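Reader: I am new to this structure. Please take one helix and look at it closely, then show me what lies around it.

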Amino acid sequence: MVLDNTQRTRKQCAMAWLDISNALGSIPHHCILGTLCKLGLPDSIIDLVQELYNSFTMTVWDTEGETDEITILSGVKQGYSLSPIIFNLAVELLL
């Protein structure tokens, strides 16, 4: 069979879409630590990251004063220099 200029061959194509809206705030801390363990990072590094996120709390100020501490159970710390690295490692197994 001869193909002229008006005929085209079909090729298979695959596409994947990853919606990462609020990605930095969506990863639970236990998943971060579990992934670091699965990647084989040294215990000293895992202990350091665990210490950073074990006491991760915030308070809110309003017109009536400050609230009690609210424990944060997911997300990486914003503005922290290791946060992008921790995030990338945490999603490494997904990719």
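Author: Here is a close look at one helix, followed by its surroundings.

This is a predicted model. Start with the chain as a whole. It holds three helices and four strands. Along the sequence they follow the pattern α-α-β-β-β-β-α. The chain has 95 residues, and 21% of them count as buried. Take the contacts with a separation of 6 or more: 55% of these are between residues 24 or more positions apart.

Now the helix itself. Helix α2 covers residues 43-54, twelve residues in total. From the first C-alpha to the last, α2 reaches 16 Å. That is close to the 16 Å expected at 1.5 Å a residue.

Which residues of α2 are buried? They are Ile46, Val49, Leu52 and Tyr53. These four cover an arc of only 120° around the axis, so they sit on the same side of α2. The face turned away from that buried side looks outward: Asp43, Ser44, Glu51 and Asn54 are its exposed residues.

What do the buried residues of α2 pack against? Their partners are α1 and α3. Take these two helices in turn.

Helix α1 spans residues 29-38, and histidine 29 belongs to it. Histidine 29 has 7% relative accessibility, so it counts as buried; the cut-off for buried is under 20%. Set aside its neighbours within four places in sequence. Histidine 29 then is in contact with Tyr53, Phe56, Ile72, Leu73, Ser74 and Gly75. Tyr53 is a name to recall, for it is one of the buried residues of α2. This contact links histidine 29 to Tyr53.

Helix α3 spans residues 83-91, and isoleucine 85 is found there. How accessible is isoleucine 85? Its relative accessibility is 48%, so it counts as partly exposed. A residue must be over 50% to count as exposed. Isoleucine 85 also takes part in a nonpolar patch on the surface. The other members are Leu48, Tyr80 and Leu82. Together the four have about 330 Å² of accessible area. Leu48 lies within the span of α2, residues 43-54, so the patch brings the view back to the helix where we began.

Last, the surface of the whole chain. The accessible surface comes to about 8,000 Å². Carbon and sulfur atoms account for 56% of that surface.

To recap α2: its buried residues pack against α1 and α3, while Asp43, Ser44, Glu51 and Asn54 are exposed on the face turned away.

How values were computed
Residues are numbered from 1 along each chain as its sequence is written. This is a predicted model: local features need pLDDT of at least 70, side-chain atom pairs count only at pLDDT 80 or more; totals for chains, interfaces and linings use all residues. Side-chain values use heavy atoms; hydrogens and water are left out. Patches are made of residues with over 30% relative accessible area and no salt bridge: like charges are joined within 9 Å, nonpolar side chains (Val, Leu, Ile, Met, Phe, Trp, Tyr) within 5 Å. Accessible areas come from the Shrake-Rupley method with a 1.4 Å probe; for residues, only the protein chains shown count as cover. A salt bridge is a side-chain nitrogen of Lys or Arg within 4 Å of a carboxyl oxygen of Asp or Glu. Buried means under 20% relative accessible area, exposed over 50%, partly exposed in between (1.4 Å probe, protein chains only). Contact means heavy atoms within 4.5 Å. The expected span of a helix is 1.5 Å times one less than its number of residues. The arc is that of the directions from the helix axis to the C-beta atoms.
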